Amino acid sequence: MTPDAQPTPQTPPTPPTAAPAARPHAQPTPQAAQAPAASSLTAQKLRNAIISGNIPDMIESIMQYALDKGASDIHIEPNRTVVRMRVRVDGVLQIIVEYPHNLHPGVVSKIKIMSNLKIDESRIPQDGRISTFIGETEVDLRVSTLPTVNGEKVVMRVLDKSKKIPTLDQLGITGRNLQRFMAALAEPNGIILTSGPTGSGKTTTMYSSMTVLNTPERNVMTFEDPIENQMEGLNQSQIRPHINYTFAAGLRTALRQDPDVIMVGEIRDRETIDIAIEAALTGHLVLSTIHTNSAVQTITRILNMKVPDFLLSAAINLIIAQRLARRLCPHCKVAAPPSEEGKKIIQKAFEHFKPYPGFDMGLLNDPVFYGPKQGGCPQCEGKGYKGRCGIYEILTMDQKMKASILEGLPAYELHRIAQEQGMITLEQDGIIKALDGDTSLEEVYKLVKKKQTPNATTNTSMSNMAGFTPSVRGTDDPAQQPQDDFGDMSAEEAMKMLYG
């Protein structure tokens, strides 16, 4: 920690009884007991800080622990009897340690002081930011507090500024998807949208795009909330809604700043999409994110914002849908050949697949997949997974797609036409990455499928499978809905069908 992060005189004093009271609750949970040697010293320092009631050391240690583990978020959440600390690693939360309630007000106050929040306000949520050094690593933490019935919960998003922004191919955008993405980035104007749920890596994809577009010949402007990575050569502006500096206001100003490329953190409303379309139609390249589940659903969402279909088809160049799947540990992954029934399901997913150079369709006849080794290995801390890779669906707004939108075709028809024009669906891209050994089929089908309406004429239609859900196809009409091959079964039963 830097000297700036040391406690100030405003920090509430630790009650004299804190250290003895903390001792029974300072034992590591079973998850923490399995921590690898690389972070065991930090975990021990955290437990010692809890036992001694040293709040600054507690906060420093949990930040260091999160950095050592490559965690994306730190959760400090009060329950009825104890307060627990958790970190999210590769998309999965794990408990690190628990401590008694009498330490919690001091922990929250210290974090509020570091992030310039009001320490005497605990009735409403607050958002702030901490910029500090942990050891020799510069780190930004986005802080959010939330009042709960048991006290204030604190969540910190960890942004390691020492990490380089990955290239598009390092993210997992390869083959035809990469060609289409690069072609869209080469266009002088238009809109590129990235969609997906929270935590699916949309912002990282946008920053990776900026590394391609950020040249001395271009004026690149970004409007973000918050600014997660500061890049040399970009004009980055922090949105401040509480003073009416919104994404829409920033976009209006950008049009007077002679921009070539504009990145908008998120399209949330009609006003923002209207100005983005205006910018695209007046010769600017606009990149942004939107919260939808698939590329075709993005079209539906924008039309639901009352944007005319002729403006949507004229302004948008490319729509990306993405997810993040856990990457199999390369040191201990094991072969997991699918069953005969599983092969049929996988082959059916590629019925409307348009092959591209470099992909061997023969792999689908006798596919070889991989899965996590039971118990893992030291490199993956016994989990079988280490890191994450992206799964992508990229829709190009070609002439046939534009005509289909203007005809008012339903979403499921747009999805079929997009596939005929060469779109690789999330499910297909996930299976391709599973064939490459990057991830497992289990991870793929946890992320890219959703509950389908059963067809009365189909005996084995897909239903909700606790994470195994069919590809988003955009209609609720059972007679028109494409069907899948799983019945009402658990995720374990579905995987048994796939693997035998």
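## Second largest pocket

The second largest pocket of this predicted model has a volume of about 580 Å³. A pocket is defined on a 1 Å grid over the protein atoms alone as an open set of points with protein on both sides within 12 Å along at least five of seven lines, whereas a cavity is a set of points where a 1.4 Å probe fits but cannot get out. Grid points are joined across faces, edges and corners, and the volume is the space filled by probe spheres set on the points.

The lining comprises 16 residues, of which Asp 127, Gly 128, Arg 142, Asp 225 and Pro 226 lie nearest the pocket centre; a lining residue has an atom within 4 Å of a point. Strands β4, β5 and β6 each contribute at least two residues to this lining. Helices (H or I, at least four residues) and strands (E, at least two) are DSSP runs, numbered from the N terminus.

## Basis of the values

Residues are numbered from 1 along each chain as its sequence is written. In this predicted model local features need pLDDT of at least 70 and side-chain atom pairs count only at pLDDT 80 or more, while totals for chains, interfaces and linings use all residues; side-chain values use heavy atoms, with hydrogens and water left out.

## Backbone geometry

Asp 225 and Pro 226 are joined by a cis peptide bond with omega of about -5°. Pro 226 belongs to the loop between β8 (220-224) and β9 (235-238). Most residues other than glycine have a negative phi, and most peptide bonds are trans.

Asp 258 is not a glycine, yet its phi is positive, about 55°. Asp 258 is located in the loop between α9 (247-254) and β10 (261-264), and its relative accessible area of 62% makes it exposed. Exposure is graded with a 1.4 Å probe on protein chains only: buried is under 20% relative accessible area, exposed is over 50%, and partly exposed is in between. Lys 306 also has a positive phi, near 70°; Lys 306 occupies the loop between α11 (295-304) and α12 (309-315) and is exposed, with a relative accessible area of 62%.

## Six-stranded sheet and its helices

An open sheet of six strands follows the order β3-β2-β1-β6-β5-β4 with antiparallel pairing. Because β3 (92-99) and β4 (126-134) stand at the edges with a single partner strand each, one side of each is left without a neighbour in the sheet. The twist averages 20° from one strand to the next. Two strands count as paired if DSSP finds at least two bridges between them; β1 (residues 73-78) and β2 (residues 83-89) run antiparallel and are joined by six bridges. Pro 78 has Val 83 in β2 as its bridge partner.

Helix α4 (residues 55-69) lies across β1, β2, β3, β4, β5 (137-148) and β6 (151-160), at about 25° to β2. Helix α5 (residues 104-114) lies across β1, β2, β3, β4, β5 and β6, at about 45° to β6. Axes are lines fitted to C-alpha atoms, for helices over the stretch in contact, and angles run from 0 to 180 degrees between N-to-C directions. Thr 137, in strand β5, is in contact (heavy atoms within 4.5 Å) with Leu 67, Thr 132, Asp 160 and Ser 162, neighbours within four places in sequence being left aside.

## Seven-stranded sheet and its helices

A further open sheet has seven strands in the order β9-β8-β10-β11-β7-β12-β15, with mixed pairing. Its edge strands, β9 and β15 (385-396), each pair on one side only. Neighbouring strands are turned by 20° against each other on average, direction ignored. Strands β7 (residues 190-195) and β12 (residues 316-328) pair in the parallel sense over five bridges, and Thr 194 stands opposite Ile 320 in β12.

Helix α7 (residues 175-185) lies across β7, β11 (285-290), β12 and β15, at about 60° to β15. Helix α8 (residues 202-213) lies across β7, β8, β9, β10, β11, β12 and β15, at about 165° to β11.

## Buried face of helix α11

The buried residues of α11 are Ala 295, Val 296, Thr 298, Ile 299 and Ile 302. These residues lie on the same side of α11 because they cover an arc of only 155° around the axis, the arc being that of the directions from the helix axis to the C-beta atoms.
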